[in-house]
Amino acid sequence: MTTTTTTTTTSPTSPTSPTSPTNVTDLYPSRGATEVSVPRQDPVVWGAPGTPGPFSVPDLQAYERDGFLAIEELIGEDDVALYRAELERLVTDPAVRADERSIVEPATQEIRSVFEVHRISEVFAALVRDERVVGRARQILGSDVYVHQSRINVKPGFGAGGFYWHSDFETWHAEDGLANMRTVSVSIALTENHDTNGGLMIMPGSHKTFLGCAGATPRDNYKKSLQMQDAGTPSDEALTRFADRHGIKLFTGRAGSATWFDCNCMHGSGDNITPFPRSNVFIVFNSVENAAVEPFAAPVRRPEFIGARDFTPVK
């Protein structure tokens with residue numbers, strides 16, 4: 001049996017203004033004494049059927065069923081060269097490395113991720129506004145969208161660490177205050193994704209069940225979780241049930257390919273011990289009608305470069 005709780009939290013009054021108190025029903029309880037499983041309470045595709053856009057109707061039907069959709073070529077070779085060069089510029093810039101938005105690999109001390117790249121770089125800001133990208137997000141979410149999070153991920157060869165199994169929504173709900181599953185991510189490959197260099201893995205269909213994890217959220221949990229997931233990690237037993245029910249899909253593809261996936265997909269990636277690097281740009285779009293309130297299961301909000309509080313629509 002599942003239950004819902006009502007949390008006193010805050011709701012945004014404008015893209016940049018302070019928030020005001022309101023009551024928001026917590027449809028997806030998590031970070032409690034025990035692990036809980038809750039059926040999804042929200043649509044997967046929010047847009048009206050047949051809404052014009054880059055996705056076809058069969059594309060959206062597949063996305064609704066599986067929770068993801070892979071595109072063989074979202075951007076072309078010239079685009080890949082541009083974005084890869086910008087990635088290299090950012091990760092070799094001492095000022096960027098010193099910025100709190102840069103996360104380093106614990107073992108090698110190399111940059112692992114740089115957050116809020118659409119604000120740091122006009123090159124990546126233009127990618128966010130590209131209709132091939134934001135147009136698809138609007139189709140799925142059925143509204144204008146803003147960027148909840150953006151980052152470049154660098155997974156060099158010979159030892160770059162992976163990310164353990166998790167649902168992004170569990171974290172964004174518990175720690176950022178996203179009330180509903182009205183958020184979509186796109187991972188755009190800037191290097192080839194082999195089946196051996198630590199690629200993205202998703203459990204198809206897992207997006208239709210919310211897994212509320214056990215254990216309270218430590219204060220400033222983000223400082224540890226960006227390097228290694230701990231709070232918000234499902235149990236081995238739950239992951240086994242999910243994998244038995246849904247299976248696991250590993251994504252491969254050449255540079256320029258992309259994977260769109262729902263915020264509640266159970267996903268992860270392995271270590272990269274090959275010589276072949278794996279880099280991508282990762283953009284999270286959230287509906288402006290689902291703007292963040294106060295965290296549902298954390299003592300404080302995460303920093304804005306991880307969970308945005310500027311809800312200005314992408315134009």
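In this predicted model, isoleucine 152 has many partners beyond its neighbours within four places in sequence. Its contacts include Leu87, Leu90 and Val91. Arg112, Ser113, Val114 and Val117 also touch isoleucine 152, as do Phe124, Asn280 and Val281. Ile152 belongs to the largest nonpolar core, which holds 43 residues. Within that core, the residues touching the most other members are Val133, Ile152, Val186, Ile188, Trp260, Ile283 and Phe285. Another core, of 21 residues, lies apart from it. Among its members are Tyr146, Met181, Phe282 and Ala292.

Next, the cavities. The whole structure contains 2 cavities of 30 Å³ or more. The largest has a volume of about 550 Å³. It is lined by 30 residues, and Arg151, Asn153, Phe163, His166 and His267 are the closest to its centre. Strand β7 supplies the largest share of this lining, 5 residues. Helix α7 is one of the elements that give two or more residues; β6, β8, β14 and β15 do so too.

Now the sheet. It is open, with 4 strands in the order β8-β14-β10-β12 and antiparallel pairing. Strands β8 and β12 form the edges, and each pairs on one side only. Helix α7 packs on this sheet, touching β8 and β14. The direction of α7 makes about 70° with that of β8. Strands β10 and β12 run antiparallel and are joined by 2 bridges. Isoleucine 202 has lysine 249 in β12 as its bridge partner.

| Element | Residues |
|---|---|
| β8 | residues 163-167 |
| β10 | residues 200-202 |
| β12 | residues 249-250 |
| β14 | residues 266-269 |
| α7 | residues 168-176 |

Notes:
Residues numbered from 1 in each chain as written. Predicted model: local features only at pLDDT ≥ 70, side-chain atom pairs only at ≥ 80, totals over all residues. Heavy atoms only, no water. Pairing = 2+ DSSP bridges. Contact = heavy atoms within 4.5 Å. Axes fitted to C-alpha atoms, helices over the stretch in contact; angles between N-to-C directions. Core = buried A, V, L, I, M, F, W, Y, C linked by side-chain atoms within 4.5 Å. Buried < 20%, exposed > 50% of the residue type's maximum accessible area, 1.4 Å probe, protein only. 1 Å grid on protein atoms, 1.4 Å probe; cavity = no way out; pocket = protein on both sides within 12 Å on 5 of 7 lines; lining within 4 Å. Points joined across faces, edges and corners; volume = space filled by probe spheres on them.
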